[in-house]
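Welcome! Take a look at the structure below, and then work through a few short exercises at your own pace.

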Amino acid sequence: MNYQRISLGYYALVDAFAQLDLRDVPVLAHASLRSFGWVEGGADTLISALLPNVAALMMPAHTYVTMITPLAGPANNGMIYGRRQDQNRMAEPFSPNMPADRLMGIVPETLRQRPGAKRSMHPILSFTGINVDRALKSQTLEEPFAPIRMLAENDGWVLLLGVDHTVNTTVHYAEKLAGRRQFIRWALTEQGIIDCPNFPGCSAGFKPLERDLAPFTREIQVGEARVRAMPMSAIIEVVRNRLARNPRDLLCSDLTCERCNELRK
Ligand SMILES: [Zn+2]
């Protein structure tokens with residue numbers, strides 16, 4: 001059978017994103033390019049169409065290839081020490097030009113390479129973006145989600161472009177605010193292996209947030225993608241309420257998940 005997929009161009013995307021009414025707020029975006037169907041010009045067109053519709057654009061540019069699993073470490077840290085030694089041998093030291101992990105799709109890496117884009121320096125949990133210089137500079141090893149805090153303090157919104165809440169990093173920031181315990185991880189850098197405290201838990205159990213956040217969500221269909229935007233303040237409030245009712249809420253159902261099992265204890 002012969003059928004044509006919807007082809008999306010720059011102007012169609014600009015018009016669609018304008019409906020979200022985010023021109024005056026900074027936005028943290030998470031995206032799956034493939035979810036849209038066919039976009040003429042790919043990730044670069046998607047970003048070009050987003051930029052005139054937001055006050056500032058930030059995306060996670062995380063680099064998991066730097067991560068090291070030690071042979072031993074602190075107890076109750078949601079990890080099995082000594083595992084994944086083969087991955088340790090493949091680990092690469094963080095560098096500012098290291099590509100964003102492929103797990104996050106092609107869009108963050110395309111944004112990072114765009115003229116005018118900056119990147120923060122956390123060896124695992126860096127962010128990239130345009131017009132978010134102060135937020136990026138606020139990140140420290142001790143406070144990896146400071147860029148999200150700064151966006152939230154400036155009425156920031158989260159934009160989910162064809163992805164669901166299991167990639168919504170702001171939920172991790174909200175968990176920390178709600179008092180959920182964080183973990184320590186380790187990263188390879190040019191200066192050797194360093195501690196990365198306040199590392200978040202797992203996000204596989206975040207889907208139930210969709211219903212709670214529905215009243216605060218602006219949703220449009222763009223090509224084949226569901227595009228949703230919601231204020232960070234609503235995410236923080238909803239997560240805080242859920243964890244206050246049940247401190248074991250929003251954990252995943254994978255019985256082998258080391259971090260969720262640790263938080264369930
Ligand atoms: Zn889990």
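Three exercises follow, each with a worked solution.

This is a predicted model, in which local features need pLDDT of at least 70, side-chain atom pairs count only at pLDDT 80 or more, and totals for chains, interfaces and linings use all residues. Residues are numbered from 1 along each chain as its sequence is written, and side-chain values use heavy atoms, with hydrogens and water left out.

**Exercise 1. Find out which residues of helix H2 are buried, and what they pack against.**

Step 1. Settle the terms. Helices (H or I, at least four residues) and strands (E, at least two) are DSSP runs, numbered from the N terminus. Buried means under 20% relative accessible area, exposed over 50%, and partly exposed in between (1.4 Å probe, protein chains only).

Step 2. Go along H2, residues 42–50: eight of its nine residues are buried. They are Gly-42, Ala-43, Thr-45, Leu-46, Ile-47, Ser-48, Ala-49 and Leu-50.

Step 3. Look for the partners in contact (heavy atoms within 4.5 Å). The buried residues of H2 pack against helices H1 (10–18) and H4 (107–112), and against strands E2 (22–31), E3 (38–39), E4 (54–60) and E8 (157–161).

**Exercise 2. Work out which parts of the chain the salt bridges of Glu-258 and Glu-262 tie together.**

Step 1. Recall the idea: side chains of opposite charge can pair when their charged atoms come close. The rule here asks for a side-chain nitrogen of Lys or Arg within 4 Å of a carboxyl oxygen of Asp or Glu. By this rule the count comes to 16 salt bridges.

Step 2. Take Glu-258, whose side chain meets that of Arg-83 at 2.7 Å, N to O. Arg-83 lies in the loop between E5 and H3 and Glu-258 in helix H10 (residues 258–264), so this pair ties together parts 175 residues apart in sequence. Glu-258 is buried at 17% relative accessibility, whereas Arg-83 is partly exposed at 40%.

Step 3. Turn to Glu-262, which forms a salt bridge with Arg-181 (3.4 Å, N to O). Glu-262 lies in H10 and Arg-181 in the loop between helix H7 (169–177) and strand E9 (183–189), so the parts tied together are 81 residues apart in sequence.

**Exercise 3. Decide whether Asn-131 is buried or exposed, and describe its phi.**

Step 1. Locate Asn-131 in the loop between strand E7 (127–130) and helix H5 (133–137).

Step 2. Compare its 58% relative accessibility with the cut-offs: Asn-131 counts as exposed.

Step 3. Check the backbone: phi of Asn-131 is near 75 degrees, a positive value in a residue other than glycine.
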